[in-house]
Amino acid sequence: MISEDAVVNLFALAHPGRLNVFRTIVKAGPDGMAAGKIAAANTIPANTASTHLSILTGAGLLTAYRDGRSIIYRANFTHYAELMSFLLDEVTENNADAATALRAWFKDHPAADSAERAKA
């Protein structure tokens, strides 16, 4: 990933509504979720959800496919992992100790644990 791609991805996630939509889709897992259910889960109008989904898909963070009359959105976990890896590498570029410490922290704090702590 290059800096320009990271900026597009960060822009896509830098809106509370889009971040909530992305979070909802990630929680849905690999099967994804229909656009209407995403809008309902986030209590936003369909046209607002559509805008958020379009921006997130354009950034590469989501993929979409048609299933009958529904469009199903799934998180592009590979792309998201590339963004996180890019950020980690860029932030710690000249500090190997910081890179090692951050990687260890992420290894010791899986996303499921973070979600549980956020609920508390």
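## A three-stranded sheet and a nonpolar patch

Trp105 sits in helix H6, which covers residues 96–108. This is a predicted model. Trp105 is partly exposed, because its relative accessible area of 40% lies between the 20% and 50% limits. Together with Leu102 and Phe106, Trp105 makes a nonpolar patch on the surface. The patch has an area of about 300 Å².

**Confidence**

How far does the predictor trust the chain? The mean pLDDT is 88. A pLDDT of 70 or more is reached by 91% of the residues. Residues 112–120 call for more care: pLDDT stays under 50 there. For that stretch the model has four contacts beyond four places in sequence.

**The sheet**

Three strands form an open sheet. Their order is E1-E3-E2, and the pairing is antiparallel. Strands E1 and E2 stand at the edges, each with a single partner strand, so one side of each has no neighbour in the sheet.

The two pairings are set out below.

| Strand pair | Sense | Bridges |
|---|---|---|
| E1 and E3 | antiparallel | two bridges |
| E2 and E3 | antiparallel | six bridges |

Strand E1 spans 33–34, and strand E3 takes in residues 70–75. Which residue of E3 is the bridge partner of Ala34? The partner is Ile72. Strand E2 runs over 62–67. Leu62 stands opposite Ala75 in E3.

E2 and E3 also form a hairpin. Two residues lie between these strands. Gly68, in the turn, has a positive phi of about 65°.

In a regular strand, side chains alternate between the two faces of the sheet.

**Ser70 in strand E3**

Ser70 lies in strand E3. Is Ser70 buried, partly exposed or exposed? Its relative accessibility is 32%, so Ser70 counts as partly exposed. That value falls between the 20% limit for buried and the 50% limit for exposed.

Which residues does Ser70 touch, leaving aside neighbours within four places in sequence? Ser70 is in contact with Ala34 and Tyr65. Ala35 is 35 residues away from Ser70 in sequence. In space, the C-alpha atoms of Ser70 and Ala35 are 7.0 Å apart.

**In short**

Strand E3 pairs with E1 over two bridges and with E2 over six. Helix H6 holds Trp105, one of the residues of the nonpolar surface patch. Residues 112–120 are a stretch where pLDDT stays under 50.

Definitions and conventions: Residues are numbered from 1 along each chain as its sequence is written. This is a predicted model: local features need pLDDT of at least 70, side-chain atom pairs count only at pLDDT 80 or more; totals for chains, interfaces and linings use all residues. Side-chain values use heavy atoms; hydrogens and water are left out. pLDDT is the predictor's confidence in each residue, from 0 to 100. Contact means heavy atoms within 4.5 Å. Patches are made of residues with over 30% relative accessible area and no salt bridge: like charges are joined within 9 Å, nonpolar side chains (Val, Leu, Ile, Met, Phe, Trp, Tyr) within 5 Å. Accessible areas come from the Shrake-Rupley method with a 1.4 Å probe; for residues, only the protein chains shown count as cover. A salt bridge is a side-chain nitrogen of Lys or Arg within 4 Å of a carboxyl oxygen of Asp or Glu. Helices (H or I, at least four residues) and strands (E, at least two) are DSSP runs, numbered from the N terminus. Buried means under 20% relative accessible area, exposed over 50%, partly exposed in between (1.4 Å probe, protein chains only). Two strands pair if DSSP finds at least two bridges between them.
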